[in-house]
Structure formats: C-alpha cells, structure tokens
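Grab a pencil and work through these short exercises with the structure open beside you. Each one gives a task, then a solution in steps.

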Amino acid sequence: GIALVLELAIEVVVLWKFLLEFRLDRAHFAPVGVEYSSRRCIFLGCAFALGSIADTAVFALYRDPVRLTFIFRTGLLCLLPGVRRLWGRFNRKMIGEFVFVAVFFVMAVILFAWIAYTIFKDIHDVSYVKGKDAVHVNEGFETLRTSIYTLFLAGVTEGFVDIFMPSVTKYRASAIMWLVFLLLAQVLLLNLVIDAFVSAYLENSEETAVKVARAQAKAFLATFDTLAAKDSIVSRDAGLSKDTLWEFVDELGKSPWKRSFERHTTDVMFDQFGSVTKERFCDICILVQDRIWVTRRHSCLEARAPHLWNSPRLVWLRRIVWEPKEAPALDEFMNWVLLVNLALVIAEFVNGNGPLPFWMRDSDRTFTVVYVIEVLIKLSVKSFSEYWSTPVNQFDFFTTWLLCGTTLLKHLPIAAVRYNLSHYANILRLLRLLRVVKKLKQYTSFQFMVSTLCRMVGAAGDILSVLGVVLFLFTTFSVNFFGGVLYEGNRKLEGSDYAEKYWFVFNFNDTPMAFFTWFIQLFAEYSPELAEALWLTSAYGDLAWWIFPTFYIVGVAIIFEILKAFTIETFLALKEEEEKVRRIESGEPSEESESDEEDANFGHNESRLEATIIEELQEKLKCVNEKLHFRIEGHRKFRVMLKSTYVKLCSE
C-alpha cells in the first residue's frame, strides 16, 4: 500500500541523487581535470539504488519473505561520507597488526583446547549435581570441536567460572592449567588483539589529521592566489579588497551547509580583521568554517508597538532580561524559583501517595504558570530567532510547554485520561526537575563536562556512523533469515539456557527487536545462549550460529572498542587542553617540552585573538539591533595544527 509506494519513491530519489552528482561532475569538474565526486562511489550508488528498486519490485509482485535489501541498503549507507572516511583509515598496516596478534590468540585457544580434549575426553565421572542434572567432568570437552568453542567462550566472556567448575571441582590440579590459559587469553592476548588495532587506528588518525591539515592549508593558499589575481595583488603585504572578500563569503553562503551573511555584517567583520593579507587569510577561512549567524536582538514590539516598547514597565523588563550581561536579573530570579521547585518536588516524593498539604496541592500549576510567564517575558523582549539561538532557551521552551501540556491534561473532561495520569503522577513530577538541570549551568565543571560530551559525540561522528551501519547490516540480515524462529513456546528451545533465562525478548522477529538484540550484544560482548538458541531453531543451525562470533569480531572487538578508546582519548585530550589554557591564563610554569609549550601558547593566542574579534563584532552589531552568534566547529587541536601548517607554507 502506502508504505510500498513511499519505499519506491525514496529509492528513486536516492538513484536520482547519484545521477545528478554524475551530471554535475561531468559538466563542471571533468573539463578542468577535477574529480569532485568519486566516480566509483557514484557508480556503486547507482548499482545499489537500482538493486534496491528491483528487490522492492520483486517483493511487491511475488511477496517473497526473503529480501536482499540488507545488501543494497547497507551498501548505500557505506557510501556516507563519515563511513567512507573511517574505512579509508583501515589500511593494510592496521589489518596486518590486528591479524598478527589475533593469530596468536587463536593458536592459544586451539592449543589449550587440544590439551583439554586429550585430558578429559574419556573422563565421564560426575563432578557434581546441579538441581536434578549430573554435571560431568568432561562437559564441553567431549570432542575437539566443542573444546575449541568452550575455550573460545572462556577466553572472551565472563562465563569461564561455570566452564572450568566441573573439572576443577573433581581435579583441583587442573586449576593450574586454567590459570595459565586465563592469563594468556583474557589478560594478555585478548587485550593485545584489541589494543593493537586501536593503537594502530589512533596512530593512523594522527597521520590523517596532519595530511588533512596540509591539504586544507594548500587549498587556502590556492584560494588566496585566485582572489589575489582578481585584485591584481603583487605585493606580499597587500590585502584583499572588501568587494573580493564579500564575493568569496557570499559564494560560500550559497552552500546548503553554510549560513549566508548580510553585506554590512561581513563589512564589519573585515573591518575588525584589518588588512586581509596572505598570512591573515587563513583566519578568515577558519572563521567562515564555523557556525556564524546574525539575529535581530529585539522583538517585533519595537517596530509594531513603539509606545508599548518604550513604556516604563517594558523598559524595566528589557533591563532585567538583558542586564547584567554575565547573569541577567531574570535568570537569577528563576534560579531561585528552580531551587524552591526542587524542594517541593522532593517533599512530594517523600509524602508518596498520601494527602498533600493545601499549600502543595497547586504547586505544579503555580510553577508551570511562572515558567510560562518567563518564556513570554523573554519573547516580548527578544526576537524569536535571538531567543532560539541559545540551547538553554530551547531547553526552557521545550520543557515549559511540555509541563504546560501535562498540567492541562488533568483538567480534560475524559475520565480515562485523568485515571491514567493518576498512575503516572510521579513521572509527571519528574518533568518539573528538567528545569532544575538548568541551575547546574553556572558551575564550571558542569559546563566543561557538557561541552566535552558534545564535542566527543561530534568528533566520534564517523565511528558512530560505521557502528550504525554494522548494526543495520546485522539487524536486516537477521530479520530476513532468522525472523520467527526465536519465540516463547518453541519446543526446540526447551531446556536451553535461552529459555531458562527467559530471554525470549531477544529475538529477530521484527526490526526493532532485532536492533535491540544486537545493541545489547555490544555491551554483553558475546552471548553463547543466543548462539545456542539459533543453532537449535534455525533450519541452517550449523551455519546460522556463526553470526554471533562474526558480530563479536566486527562489531564488538573492532568497531565498539575503537569507539571506547576514541572517547577516552578525546576526553583526555580535551582535559589536557583545558589544563593548558588554565595554566597559561594563570601564568603557571609548564612541565612540557619547549615545542609543546610553543604550540599551546600559539593556539591560546589565536583563540584570544578570535574571541577579541568576536567581542568587538558583537559591540558593533549591537548598535544596529543585531547580535552575532558563534559556535566553533571541529577540534581546537586540529585548528591550531591547520594554522601552524598554513604559516609554515606561507614562509616557504
């Protein structure tokens, strides 16, 4: 029906997108010898899009439950820029180091599996009785194949205690062999396998950053030479004209990824920079790469109702909304309101479901009205674009109207709604605590943590994209081939660990549950219960269960471990950067090498210069009822590397 038509329409749009890229590249870039879009990616994209359309058409005609969309759509996702960038870092050296160490891990597992099989294969004695079942000494070591799988589980999971318990219970001396195995497998080799790949990835990332910085610096120089030729600049110290710079910035603003600038805004910006020479052109390029936009400061009342705007009461409201600049009076007042709200919410939770005092019964409505009034006051003073430019205001706007909506629901003349709200009263009280989080913004440590988390998520975008593609591939594949085999009541699952632990919620019967199952596997690492369940129920059980070891290697041991290592590395780098800035501003002596200290001072000076220019721009735009907003894009360390590389290229 509608879903099928929508699916086909999306696939046609994707195909048309690649055809447009091909036409653009052939018409405008190929004549000048430049490949703007990779021809290989365009052809692959067209092939995957056509394959997806054909698969959808076959499904519509024949209703075959097995589809190949997991191939075509995963292929399309692999062509995303972030995924391509990350795959480009997986060079031969990284794979070689990973395989080299992984071979030792596999050899250790096979060696100890052969030793265990040789020792325990013929020992059928009962080690202990678990419930009504007798546990034999050689459980898991009956054949060489089961021995290898058993020791693989012991080497990568935390279930090694249950695995080794039968043999150690009967023969205590066997604990020495298992101790040696655990030291080799769990402590040394498994960590070496993961760390070898992660360290190679991080090393390659640094090399890639240097190459990207050099390529961007060369592009900046080439751009300056092109603009200088237009202005007929010969001298090294001569600067570009404002008209040329305006054309350059205006052309960049036509990109959907950039915000356009007004002419007077760019003129003010260039006045602050002074003469834009070859050395200063990098500052312009770095600045326009950031998110910069200008909004009107005052609300529409200034133009539409000037008498009201200039009335004493509104002048007073404007003053408490804007002043003082560091902590406006209205915000300070609302902080105290939030604290009172927090105290009342705690008192309501302590009281539980008992009767509330009369002065607490209407507290939720009272605070909701206060929050709504705060939003209306700010919108009467600030323009909506100015109000919405601050994440804190967006948070206030969302939580305020959410609270207002839940408060009004209580008064609807619908008995079922009022009955359900009585069950979720405590959850609705928690909504009021969302506003209390705003109080934490005044603490420097909280600001640093929030900023760090946002920058970490932004920096890890490529890794998260690849992780999403891996989850999508395994989700769609498992739904296609294993949907409907894991469910409660399936007799083939009787007696399995999967059924005894009541893991029926982990299944592949639909896309959301399959995604949830694989997502949990990222944190649970490897679950033999699911592998056993799939082996018991699938028509191709001997092959089907291999999907779990495959996901462990690709999704957990490689991609997810890289994500964890990258977040730790990024956090430490940001923490070190924060410490450097604090040390430089306070004048404390540095224990770093001379080159590192020079780079730190260079980056700090550049940041101070950029901040000074932004502040001066703010003051000038304030005179024309405008405000400039500025958000730095990218890692500060890379910006310093880019600027230092540009300076070196200029001096060559």
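**Exercise 1.** In this predicted model, work out the handedness of the crossing of α9 and α11, then describe how the two helices run and what they touch with.

*Solution.* Start with the handedness: α9 crosses α11 in the right-handed sense. Next, look at the axes of α9 (residues 242–253) and α11 (residues 281–289), which come within 11 Å and cross at roughly 25 degrees. Angles under 35 degrees count as roughly parallel, so α9 is roughly parallel to α11. Now pick out the side that α9 offers: L245, F248, V249 and L252. Across from them, α11 brings F281, I284, C285 and V288. Sort this contact by class and you get eight nonpolar residues, with no polar and no charged ones.

**Exercise 2.** Find the sense in which β1 and β2 pair, and check the backbone of G131 in their hairpin.

*Solution.* Strand β1 covers residues 126–130 and strand β2 residues 133–136; they pair in the antiparallel sense, over four bridges. One bridge to spot is K130 with its partner D133 in β2. The hairpin has two residues between the strands, and G131 takes a positive phi there, near 70 degrees.

**Exercise 3.** Classify the aromatic pair of Y149 and Y526, and say which parts it ties together.

*Solution.* A search of the whole structure turns up 41 aromatic pairs. In the pair of Y149 and Y526, the ring centres are 6.5 Å apart and the planes sit at 75 degrees, making it edge-to-face. Then place the partners: Y149 lies in helix α6 (residues 144–156) and Y526 in the loop between α25 and α26, so the pair ties together parts 377 residues apart in sequence.

Definitions and conventions:
Residues are numbered from 1 along each chain as its sequence is written. This is a predicted model: local features need pLDDT of at least 70, side-chain atom pairs count only at pLDDT 80 or more; totals for chains, interfaces and linings use all residues. Side-chain values use heavy atoms; hydrogens and water are left out. Axes are lines fitted to C-alpha atoms, for helices over the stretch in contact, and angles run from 0 to 180 degrees between N-to-C directions. Angles under 35 degrees count as roughly parallel, over 145 as roughly antiparallel, 65 to 115 as roughly perpendicular and the rest as oblique. A crossing is left-handed if the near helix is turned anticlockwise from the far one by less than a right angle, and right-handed if clockwise. Contact means heavy atoms within 4.5 Å. Ala, Val, Leu, Ile, Met, Phe, Trp, Tyr, Cys and Pro count as nonpolar, Asp, Glu, Lys and Arg as charged, and the others, Gly among them, as polar. Two strands pair if DSSP finds at least two bridges between them. Rings of Phe, Tyr and Trp (its six-membered ring) pair if their centres lie within 6.5 Å; planes under 30 degrees apart count as stacked, over 60 as edge-to-face and the rest as tilted.
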